[in-house]
Amino acid sequence: MNATPPSMALEPRQTSVGGNIRQAGLRLFAHLEKGLEHEREQLALWVPVAIGIGIVAWFILPNRLEWFGFCCVSLAFASAGLVMPTGGRMQQVFVLGGVLACAGCVLIWGKAATVGMPPLARPVFMEVTGEVKAVNAIPAQQMSRLLLEPIEAPALPRLVRVNIDESGMPRGVGEGAIIRFRVRLMPPAAASLPGGYDFARRAYFQGIGATGRALKPVTVLRPSAKERPLRARLFAHINGRVSGPGAGIAAALATGDQGAIADEDAEAMRNSGLAHLLSISGLHVTALVGAVIFLLMRLMALSRRAALDWPLMLIAAAGGALAGIGYTLLTGAEVPTVRSCVAALLVLGGLALGRDAITLRLVAAGAVIVLMFWPEALVGPSFQMSFAAVVALVALGEHPKFRAFVAGRDEGMSRRLARNVGTMLLTGLAVELVLAPIALLHFHKAGMLGAFANLLAIPLTTFVVMPLEALALLLDIIGAGAPFWWLTGHALDLLLAIAHGVSASPWAVVMTPTMPMGIFGAIIMGGLWCLLWRGQWRWAGMFPVAIGVAAMLMVSPPEILITGDGRHVALRSSSGEMVLLRARAGDYVRDMMAESAGFGGVMGTLADLPEARCSTDLCAVQLQGGGRTWRLLLTRSDVLVDRAIFERDCVQADIVVADRGLPPWCRPRWLKVDRRLLARTGGLAIDLDQGLVRSTKMLGDAHPWVVQPIRSSKPRSNGQL
């Protein structure tokens with residue numbers, strides 16, 4: 001028996017702690033290298049993640065020095081990979097990961113520097129003459145939104161967005177028209193509270209530098225000579241053909257314009273988890289492309305010559321691709337639609353070549369394409385929710401056990417139906433789980449029953465509503481579409497009934513106060529780790545997910561919320577009730593503050609609290625937090641207050657809040673919030689239990705859409721506030 005003789009070489013002896021650590025490090029490196037080699041097919045999926053890290057870093061870090069520092073750190077990370085063993089997977093991860101992260105930061109930095117439009121420096125009231133670039137009707141709010149290019153006004157931004165009430169909208173206003181009106185122009189609104197919607201950031205990349213509402217009368221100097229765009233004509237046509245509340249949804253399904261949907265219906269669709277049906281995305285593009293391919297295949301199969309000699313699948317795929325591109329352009333080319341169109345084109349290319357193209361690599365390729373052209377979309381809910389849902393669905397579909405569950409088999413009708421329902425329920429639950437943290441970050445609430453609502457809503461929309469609407473549009477060419485519009489309206493009424501029924505459930509929505517970005521980042525990166533890898537180490541991603549979810553559940557709601565202008569203040573009383581300083585605050589302010597605080601009830605008024613003392617001009621109230629009593633003093637009018645009274649109250653208060661500049665002799669014990677402070681910080685959220693103050697603006701924020709505070713004159717030195 002031939003046996004390999006034992007080696008006579010001496011094992012190296014470890015004579016120091018450093019040697020043990022070095023050997024342990026080498027073993028860990030070898031283990032990681034082996035794992036990465038096993039996962040080599042999945043490495044390409046991390047390309048958009050690396051680019052996205054660089055883009056997110058640019059948005060999170062405040063100024064040029066820190067952006068440059070991030071790029072240096074990324075390149076240092078890549079340089080570290082160069083000293084690793086050549087040809088290894090670890091070297092590829094370090095080098096490419098660092099370079100791609102740096103490229104993502106440079107990409108968004110470059111686009112912001114070359115494409116965006118700086119906002120108006122300060123509010124102005126003036127007469128504006130401008131050429132209309134686009135008109136967007138919003139019937140639900142009885143107004144139209146115009147995008148204008150000011151004429152002979154060098155002090156104004158290149159593009160201005162103005163709202164005009166329907167009653168004041170003159171004839172002849174359309175693309176190319178020149179109109180004149182008086183308006184108070186404002187910089188695009190930044191987030192009013194920490195974690196709120198930042199329209200200023202979105203407007204910057206859209207080239208919009210100011211917004212306002214036009215005052216009557218609006219004079220048309222030159223009427224529009226152009227025909228309304230196809231999208232606008234289709235929107236108006238559908239709204240005129242469908243009766244009832246479903247008209248807005250019918251128009252949204254065809255054009256992507258949600259302006260005709262009533263607020264209560266839109267809220268019900270969001271709370272029931274059906275809002276994705278209103279945004280033109282994968283469901284709509286897939287249904288259209290699939291229908292076009294099906295019809296083309298059936299029509300070409302009627303010809304024997306075509307069936308035998310022509311490449312039917314290639315022709316049908318080309319027709320589906322053209323239909324998808326046309327639909328994307330018609331509906332405004334929003335990010336979900338572009339992503340779905342790109343994905344559909346890649347799928348069609350794979351099918352035409354006889355390959356299975358529905359993979360995570362397809363999703364990664366679509367993400368890279370979108371990030372290359374619209375890197376700013378990464379921080380918006382549209383991009384995050386659309387790609388998160390697709391990644392979850394494809395990852396679930398690639399799992400062997402799920403494939404075995406959904407595989408076709410010879411079984412009875414009842415078992416096949418139950419299997420299909422189970423498949424839809426599993427996919428719905430997977431989507432709800434991955435979308436919940438994104439919805440909680442951006443909207444402070446997430447639907448919990450969406451998986452069950454979609455069991456009815458998706459088949460109803462895909463197989464009933466959209467085919468009926470398509471037939472109605474086709475038959476309108478010969479004037480015979482009325483019966484199908486009637487059926488479409490009733491089908492949409494059923495869809496709205498499902499939405500309102502589900503949203504009325506007390507378990508339909510979970511709310512949370514504003515989530516810190518660190519918690520959200522831990523959940524997202526942990527989820528990506530679980531979904532993109534295939535080996536056993538993917539389950540390590542559950543650790544940051546579990547920590548993030550636990551931290552999210554323990555987030556303490558703020559006791560005090562202050563908007564960026566200082567006018568609106570919301571307080572959480574000792575009984576848990578949220579109250580507003582000003583009783584006449586509008587619905588928008590009430591909803592914004594309730595969502596930021598994670599409060600689902602009806603907000604009362606501060607003056608009605610038994611622990612509050614309010615006059616016409618001031619309110620004093622005591623709040624409990626952090627084991628002590630806090631005294632608050634708030635102004636609630638523009639009336640000047642006598643110095644003797646106000647100085648005495650300031651000294652006794654821990655926190656003073658005013659929407660004006662407070663004089664230096666007002667010295668509260670802990671915090672003075674006035675117009676000067678809010679100009680630097682933006683809206684504030686104050687947690688009295690932790691003694692923490694979170695602001696909307698970052699210190700030294702140099703992002704180009706941020707309006708820098710203007711130094712005001714010295715405060716009054718007389719005896720009044």
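**Notes on the predicted model: cysteines, barrel and a few helices**

1. Let's start with a cysteine: C650 comes out as buried, at 0% relative accessibility. Keep in mind as you read that this is a predicted model. The partner of C650 is C666, and the two are joined by a disulfide with an S to S distance of 2.1 Å. C650 sits in helix α22 (residues 643–652), while C666 is in the loop between β15 (655–657) and β16 (671–673), so the link ties together parts that are 16 residues apart in sequence. C666 is buried too, with a relative accessible area of 1%. As for handedness, the torsion about the S-S bond of C650 and C666 is -80°, which goes with a left-handed link.

2. How many disulfides does a search of the whole structure find? Two. Besides the one just described, a disulfide joins C614 to C619, with an S to S distance of 1.9 Å. The torsion about the S-S bond of C614 and C619 is about 115°, so this disulfide is right-handed. The two ends don't share a burial class: C614 is partly exposed at 30% relative accessibility, whereas C619 is buried, with a relative accessible area of 1%. If you're wondering what the bond is in chemical terms, a disulfide is a covalent bond between the sulfur atoms of two cysteines.

3. A word on the pairing pattern and on cysteines to look at if you're thinking about thiols. Number the bonded cysteines of the protein chain in sequence order and the pairing reads 1-2, 3-4. C105 is in no disulfide; the nearest cysteine sulfur belongs to C71 and is 3.9 Å away. Since a disulfide here calls for sulfur atoms within 2.5 Å, that distance doesn't qualify. Is C105 buried or exposed? C105 is buried, with a relative accessible area of 0%. C530 also counts as buried, at 11% relative accessibility.

4. Now the sheet. Five strands form a closed barrel in the order β1-β2-β3-β5-β4, and the pairing is mixed. On average, neighbouring strands of this sheet are turned by 50° against each other, direction ignored. For the antiparallel side of things, take β1 (residues 124–138) and β4 (residues 178–185), which are joined by eight bridges. Within that pair, G130 stands opposite I179 in β4.

5. Staying with the barrel, β4 also pairs with β5, again in the antiparallel sense, over five bridges. I179 turns up here as well: its bridge partner in β5 is V220. Which strand pairs with β5 in the parallel sense? That's β3, over five bridges. R161 gives you a landmark for this pair, as it stands opposite T211 in β5. Helix α5 (residues 199–206) lies across β3 (159–165) and β5 (208–222), and runs at about 65° to β5.

6. Helix α13 (residues 360–373) looks regular in its length: its 14 residues reach 20 Å from the first C-alpha to the last, close to the 20 Å expected at 1.5 Å a residue. Which residues of α13 are buried? They are L360, L362, V363, A364, G366, A367, V370 and L371. When you look at that list on the model, remember that an α-helix has 3.6 residues a turn, so residues three or four places apart point the same way.

7. Q384 is worth a click. This glutamine is placed in helix α14 (residues 381–398). Q384 is buried, with a relative accessible area of 16%, because the cut-off for buried is under 20%. What does the side chain of Q384 do there? It makes a polar contact of 2.8 Å with the side chain of H442. Leaving aside neighbours within four places in sequence, the residues in contact with Q384 are L378, V379, I438, H442 and F520. H442 therefore appears both as a polar partner and in the contact list.

8. Last stop, L346, which is found in helix α12 (residues 335–352). At 34% relative accessibility, L346 counts as partly exposed. If you want a distance to check on screen, try L346 to A321: they are 25 residues apart along the chain, and their C-alpha atoms are separated by 9.4 Å.

Technical notes. Residues numbered from 1 in each chain as written. Predicted model: local features only at pLDDT ≥ 70, side-chain atom pairs only at ≥ 80, totals over all residues. Heavy atoms only, no water. Helix = DSSP H or I, 4+ residues; strand = E, 2+ residues; numbered from the N terminus. Buried < 20%, exposed > 50% of the residue type's maximum accessible area, 1.4 Å probe, protein only. Polar contact = N/O pair within 3.5 Å; in protein donor to acceptor, adjacent residues only side chain to side chain. Contact = heavy atoms within 4.5 Å. Pairing = 2+ DSSP bridges. Axes fitted to C-alpha atoms, helices over the stretch in contact; angles between N-to-C directions. Expected span 1.5 Å × (residues − 1).
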